[in-house]
Amino acid sequence: MKDELSITGATGEALPHDSAIKHVTGKAEYTDDIREPAGTLHAYLGLSTIAHGKIEALDLSAVKTAPGVIDVIGPADVPADNDCSANGMHDEPIFAETVEFLGQPIFAVVAESRDQARRAAQLAEVKYTELPHATNVMAAREAGYPNVTSPLKLERGDITAMEAAPHRLKGTMVVGGQDHFYLEGQIALAVPGEDEDVVINTSTQHPSEVQHVVAHALGVPSHSVVVNVRRMGGGFGGKETQMNLFCCVAAIAAKKLNRPVKLRPDRDDDMTATGKRHDFVVEYEVGFDDEGRIVAVEGDYFARCGFCSDLSGPVTDRALFHADNAYFYPNVLLRSHPLKTNTVSNTAFRGFGGPQGLIAAERMVEEIAYYLKRDPLEIRKLNFYGGEGRDLTPYHQTVEDNILDRITDELAESASYKERREAVIAWNARGGVIRKGIALTPVKFGISFTATWFNQAGALIHIYADGSIHLNHGGTEMGQGLYTKVAQVVADALQVDAGLVKITKTTTEKVPNTSATAASSGSDLNGMAAKDACDQLIARLRAFAVEKYGIAPEDFRLYANRVHLGDTVVEWDAFIREAYMARVQLSAAGFYKTPKIHWDRESGKGRPFYYFAYGAALSEVSVDTLTGEYRVDRTDILHDVGRSLNPAIDKGQVEGAFIQGMGWLTTEELWWDDKGRLRTHAPSTYKIPLASDRPRVFNVALADWAENREPTIKRSKAVGEPPFMLAVSVLEALGMAVASVADYAECPRLDTPATPERVLMAVERLRGTR
Amino acid sequence: MATRNEVRFILNGEDQAIRDVGASDTLLDFLRIDRRLTGTKEGCAEGDCGACTVLVGRLTPQGLRYDTVNACIRFLASVDGCHVVTIEHLRGPEGGLHPVQEAMVALHGSQCGFCTPGIVMSLYALWMATATPSVTEIERALQGNLCRCTGYEPIVKAAQAASAGKGQSQDPLNLERNTITKRLSDLRDGARVEVAKGEDRAILPADTADLAKVLEENPEGTIVAGATDVGLWVTKFLRPISPAIHIGHLEELHEIAEDDAAITLGAGVTYSEAALTLIMTWPHLLEYWDRIAGWQVRNMGTIGGNIANGSPIGDTPPALIALDATITLRKGGETRELPLERFFIDYGKQDRAEGEFVERIRIPKPAAGQLHAAYKISKRRDEDISSVAAAFRLTVEDGTITEARIAFGGMAATPKRAAKAEAALTGQSFDEATMMKAAATLPEDFAPLSDWRASAEYRMRAAQNLFRRFWYEKGTDEAVRLETA
Ligand SMILES: Cc1cc2nc3c(=O)[nH]c(=O)nc-3n(C[C@H](O)[C@H](O)[C@H](O)COP(=O)(O)OP(=O)(O)OC[C@H]3O[C@@H](n4cnc5c(N)ncnc54)[C@H](O)[C@@H]3O)c2cc1C
Ligand code: FES
Ligand code: FES
């Protein structure tokens, strides 16, 4: 049986994604590809056309009589609670009666075909009484809009130290939002069953929450609702809570009509009616000494949260948690302002507020560097955590595992930072239309859900009598390779080829009460839970072997598809057969909860993060100072994933996150008109990076010497979110190219997204021609 | 003339003959819903993401030609007489994975996998067309494919790795060429095709003369060429287009003719078909042309459609106006010719009578002393609509500008010449000061709009700066383009 010496697919191996062959052949099944049960109906949402107001009259007669229409569903059809909020705040109606943003669902129509339902949904006659609206942070502040959730304050040291600081700089940074643009849109297929049962096939990162929210809306116990997710066509946080709405509507219609109902919005409606990354306005003040050492930081982080709370609380919290990025702030005061606005409620997105906090830290570093006329990298290194009494974060967690000095030094060395920076400065000194910029920026990112109770996971493993293995866990697969990695953990633990481990769809029937696959925690949590299940199985097999073969427990060993029993070696499947015949239980439920973490939000103190992940990127860009167009000439990345569970998958995460981050900071612009209508609601108007936007030279390396100091699964580290923020290097390099037109005398203060327009306008501002 | 009431084509291996086809039925819905070929995905339903990429093979005078297209905005009726190839049909010489698929697996080119079938189809088309593609060629082939997960690096590497294996001659689609050609020829019956689903009618005229007739019979009909605009009317605005009058299949409209004085393009010539001839004649169009839409849309969209839609942000009108192009309109047996810029009257208003269609575009060949440039500025470099498009043709004799033609897109309600700037240049010496003086006149001729693509201020500033770019490029050695710096 196969290789004598090792298994295929152990941890650390660059195994391809478990579905790779199905992906390339088109055979991978997404929710919309599932064969619909006979009699399936299709629902479509009717969306509001104003940003704020009361519905005075809703005339749906034309909708009801449109071809193919079976029924129209509204607030009165919700059996229990017309609410799909993720957090129990009860502020997110399934169908709105008071409109709070343009694009808010007010009813759904159910028809024989999706096309019929979609056409019918346009026929509603709605009379509104319009109310004034505020769609962005500025307007909401002026109008005195409330917070959607309670704000956070982080404080350490004594902020009055600011007054004594040798230098003080104040500024404002506008940080744009971002649409997820998962390639597969939101979708739910609800199939009614007997009694109160309903089964939902969908594309969510959080099946347990969908189960909970649907049960709540239907007024049934959670045990009546089953949620299945085999794979998502991308999630990025956009399917953490946003699928609740679609699943609720499909389930309500399915139960009402007792027929399967599918709901898949068109891309434009998806982008209009679902939340995005929060955009922020950050007002900061930084005090520092002549060397550039930070003395004090004060910051206010205003976020456009949209009409309801959704995840805005934890998102804005995480912005504060990352407002230090990698730097020690001796005296610090940070405040979040999760503002209500008349826009779709913003939500999770890779980094979860962290990038918005982090980028303002990097802006402050830039401010200091330009002010002191120093290389920003020097300022960074001066302020890294570490050294006497310089390891406490604004939330009072001690940074114990900082490896940024080594990472930045190695990267600067391998990518010739110093020489290239000099060359860039020399190039720019010529004058000329095309200017260059270069920047090396670090990332430190805290890993764990800040809601401590989410840091738990379950797994279920069956070994069948033929030796084949069924693996199930609470994590969902959205392309990040979680299923593959956990399968590798199981293969490794049981010492069988990964091919023997069947990866099965995530379902609330097998593992209950799961957390969202989010916060980069998927393999940390589920890997450990699967490992726990394996350990239980191994213990039972060992006990059986000891009893049957009379060997010492330590003489039992699983290795390379075989079972070693002292001097006897038995094939895995034969041994499992024996165990089955001897009535050994071959199924185990594993569990894991992250140790050490705790967080007291009231006092702003604790250890919210189990550990930190680190990385750094060096980017060089060219900018056309006549048009503001630019190109990323080269990016080098050195990133820490601890001991990689799968270097190919991890590298893919780093590359993909960097490009996605670059899109956030460059061409991805969300633009609402003065009526509150999102005008960049489709790929025709909302521009995510293309292949040709990649850095012309792109070198990505994992720090192969890194390992997690904490006993995580195989000493690996989470990888989903941290590398997203490596793209800040691109923004800062663009800023440098811009600053060159004024001989670097001034901090370029480039806000994001740095579209060609913003870049040109910054050039003209620094030139004094604007 | 014979009329046929069914659409006939080949889907992968199988012959299809379908009667029940409405004007607004898309190829994608047909594949996914009717035929359950779910490998082809819907990501946007507007031609911008490429998840729905399939190949469409059609007979041309040069032989069987396969192009990548977006099935989401391709109307089902329009594949009459074609060979539609989906991801399900792709296979290697021995029946297993195709080399492109193998490389994508080996190099980790998929993560969530939703973009992957479309990307594989684009790379497959590239692989067939180009034995050893450069990175630039790979990126061009992927302009119409979005991937949100991978960052594209492994996909580009996979494209390179796949080409290293060669094997094109053994590719099943190539081996089948003669059979498919024969089968498609057999489908040609010279008939007009008229199909309908209820009231929703689509007509494929038999030839150009028949088109003129169909238009006279159905003056309210919607002409559909490449459907890269009309497709969105249906998928995004749910607008009725019946009766849809297709012209994309009319061979005469695909003709490209060249004589000593001019190049003449049939209105149905696609961006892709026109590329070679235009770029050979006017090399300055190379970059500009490659930045119009993505590969799939360039394979579908026609120059006639880009003109006829009258959009102020279409890219070909400024370029063609600067080149002094004329268009020929035809109604029934009658034709008239007019300078292209005169076709655009106002926003949404063109000089085209009901039942009239654009038949061809004539572009006079370059003359001595002409300096050409065409610039596109957009938020994202590729596959984006222009914030500003500009085209220059300056004739310079002994350092003096004797004629200036400058046209802008995105600066007014129509594609428009910069009359004041042209006047400011004519008769002046060609230098930076003259160019900037001309640029300074732009606010007199243009009052651009602010929208999500760009602000009025940016459009104006960038447009003016393009005069400086033109001078630097033509009059100095300064490297002023990102591509060359
Ligand atoms: C993803 C995507 C990207 C795009 N990017 C760009 C871009 O970068 N630059 C750009 O300029 N455009 C772009 N477009 C727009 C589009 O490609 C063009 O407008 C296209 O040229 C239209 O040609 P068509 O053959 O597809 O026309 P159709 O959609 O078939 O028709 C367009 C209009 O012209 C009429 N029409 C077509 N042919 C004739 C004729 N011969 N006589 C009379 N009327 C006719 C039709 O009735 C209709 O009103 C893009 C479109 C998409 C979907
Ligand atoms: S579905 Fe996006 S291009 Fe067709
Ligand atoms: S692999 Fe997910 S979009 Fe490309």
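## A sheet, a ligand shell and two kinds of contact

Helix H16 (residues 572-581) of chain A lies across strands E22 and E23 of chain A, and its direction is at about 90 degrees to E23(A). Keep in mind as you look around that this is a predicted model.

The two strands under discussion belong to an open sheet of three strands in chain A, ordered E21-E22-E23 with antiparallel pairing. E21 (556-559) and E23 (568-571) of chain A each have a single partner strand, so they stand at the edges and one side of each is left without a neighbour in the sheet. From one strand to the next, the twist averages 25 degrees. Strand E22 (residues 562-565) of chain A is joined to E23(A) by four bridges, and the two run antiparallel. If you would like a residue pair to start from, Arg562(A) stands opposite Glu571(A) in E23(A).

Now for the domains of chain A. The assignment gives domain 1 (20-28 + 456-593), domain 2 (36-132 + 180-273) and domain 3 (280-450 + 601-767). Between domain 1 and domain 3 of chain A, the C-alpha centres lie 39 Å apart. Here 16 residues of domain 1 of chain A are in contact with 17 residues of domain 3 of chain A. On the domain 1 side, helix H14 (482-494) and helix H15 (522-549) of chain A each give two or more residues, and H15(A) has the largest share with five residues.

Chain A also meets chain B: 67 residues of chain A are in contact with 63 residues of chain B. Of the chain A side, H17(A) gives the most, with seven residues.

Over in chain B, ligand 1 is surrounded by 31 residues, and the closest are Gly47(B), Ala225(B), Gly226(B), Gly305(B) and Asn306(B). Among the elements giving two or more residues to this shell are strand E9 (222-224) and helix H12 (295-300) of chain B, while H13(B) supplies the largest share, four residues. Where does ligand 1 lie relative to domain 1 and domain 3 of chain B? Both domain 1 (3-88 + 177-246) and domain 3 (252-364) of chain B give residues to the shell, so ligand 1 lies between them.

The residue classes of these three sets can be set side by side:

| Set | Nonpolar | Polar | Charged |
|---|---|---|---|
| Shell around ligand 1 | 15 residues | 11 residues | five residues |
| Side of chain A that touches chain B | 27 residues | 22 residues | 18 residues |
| Side of domain 1 of chain A that touches domain 3 of chain A | four residues | nine residues | three residues |

Terms used. Residues numbered from 1 in each chain as written. Chains lettered and ligands numbered in written order. Predicted model: local features only at pLDDT ≥ 70, side-chain atom pairs only at ≥ 80, totals over all residues. Pairing = 2+ DSSP bridges. Axes fitted to C-alpha atoms, helices over the stretch in contact; angles between N-to-C directions. Contact = placed C-beta atoms within 7 Å. Near = placed C-beta within 6 Å. Nonpolar A, V, L, I, M, F, W, Y, C, P; charged D, E, K, R; others polar. Domains from an automatic or database assignment.
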